[in-house]
Amino acid sequence: SRMFDWLVAKVNEAITPPQNFQGVLIGVLDIYGFEIFQYNSFEQLCINFVNERLQQIFIELTLKAEQEEYRREGIPWTDVKYNDNKPTCDLIENKPGLLSICDDCCATNKSDQMFVQDLSN
């Protein structure tokens, strides 16, 4: 946790403009994709899931909606190909899904083995 806090502070320090800065800033947020680690904790799963949901919202509000509007209005357009991550989000958040099964196992004091068994059912 302290390492992450330190890293965030360093990044913020590096991208903070000088006090006398008089210009325009552009912020970019890259939210797509699950990160691959040798070991993924539940916390990392939650972080990755939120990133996937944000990406899904972005896709629906910008790419998908805009392309559909362009088609309806007959505006010449070359479709932007995108990977729809809705099935991944559904697998995690729908009922039964990974989070609801985990919640049930925690509420009923099931073991890790029982959790894995519930996932495979």
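# Chatting through a five-helix chain

Q: Hi! What does the secondary structure of the chain come to?
A: Happy to walk through it. In this predicted model, the chain has five helices and zero strands. Reading along the sequence gives the pattern α-α-α-α-α.

Q: How much of the chain counts as buried?
A: Of its 121 residues, 16% count as buried.

Q: And the accessible surface, what does that come to?
A: About 10200 Å² for the chain, with 58% of that belonging to carbon and sulfur atoms.

Q: What about contacts, how many join residues at least 24 apart?
A: That share is 36%, taken among contacts between residues at least 6 apart in sequence.

Q: Let's look at α2. How many residues does α2 have, and how far does it reach?
A: Helix α2 has 31 residues and covers residues 42-72. From its first C-alpha to its last it reaches 43 Å, close to the 45 Å expected at 1.5 Å a residue.

Q: Where does α2 bend?
A: At Ile59, by about 35°. Ile59 is also one of the buried residues of α2.

Q: Which other residues of α2 are buried?
A: Besides Ile59, the list has Gln44, Asn48, Phe49, Asn51, Glu52, Gln55, Gln56 and Gln67.

Q: What covers them?
A: The cover includes α3 and α4, the latter being residues 98-107.

Q: What follows α2?
A: Gly74 does, and its phi is positive, near 70°.

Q: Switching to charges: how many salt bridges are there?
A: The count comes to five. A good one to begin with is Arg53 with Glu93, where the closest N and O atoms are 3.3 Å apart. That pair links distant parts of the chain, since Arg53 sits in α2 and Glu93 in α3 (residues 86-93), 40 residues apart.

Q: Why does Arg53 count as partly exposed?
A: Because its relative accessibility is 27%, and partly exposed runs from 20% to 50%. Glu93 is partly exposed too, with a relative accessible area of 33%.

Q: Which residue does Arg71 meet in a salt bridge?
A: Asp79. The two side chains meet at 2.7 Å, N to O. Arg71 is partly exposed at 49% relative accessibility, and Asp79 is partly exposed as well, with a relative accessible area of 40%.

Q: And what about Lys110 and Asp118, how far apart are they, N to O?
A: Their side chains meet in a salt bridge at 2.8 Å. Salt bridges that share partners join Asp104, Lys110 and Asp118 into one network.

Q: How accessible is Lys110 in there?
A: Lys110 is partly exposed, with a relative accessible area of 29%.

Q: Now the nonpolar side. Which residues form a nonpolar patch on the surface?
A: Met3, Trp6, Leu7, Val11 and Ile15 do, with about 560 Å² of accessible area together.

Q: Where is Leu7 placed?
A: In helix α1, which covers residues 2-15.

Q: Why can Leu7 be part of a surface patch?
A: Patches take residues with over 30% relative accessible area and no salt bridge. Leu7 has a relative accessible area of 45%, so it clears that cut-off and counts as partly exposed.

Q: Great, could you recap the bits to look at on screen?
A: Sure! Start with the bend in α2 at Ile59, then find the Arg53 and Glu93 pair that joins α2 to α3. After that, visit the network of Asp104, Lys110 and Asp118, and finish at the nonpolar patch that includes Trp6 and Leu7.

Technical notes: Residues are numbered from 1 along each chain as its sequence is written. This is a predicted model: local features need pLDDT of at least 70, side-chain atom pairs count only at pLDDT 80 or more; totals for chains, interfaces and linings use all residues. Side-chain values use heavy atoms; hydrogens and water are left out. Patches are made of residues with over 30% relative accessible area and no salt bridge: like charges are joined within 9 Å, nonpolar side chains (Val, Leu, Ile, Met, Phe, Trp, Tyr) within 5 Å. Accessible areas come from the Shrake-Rupley method with a 1.4 Å probe; for residues, only the protein chains shown count as cover. A salt bridge is a side-chain nitrogen of Lys or Arg within 4 Å of a carboxyl oxygen of Asp or Glu. Helices (H or I, at least four residues) and strands (E, at least two) are DSSP runs, numbered from the N terminus. Buried means under 20% relative accessible area, exposed over 50%, partly exposed in between (1.4 Å probe, protein chains only). Contact means heavy atoms within 4.5 Å. The expected span of a helix is 1.5 Å times one less than its number of residues. The bend at a residue is the angle between axes fitted to the seven residues ending there and the seven starting there.
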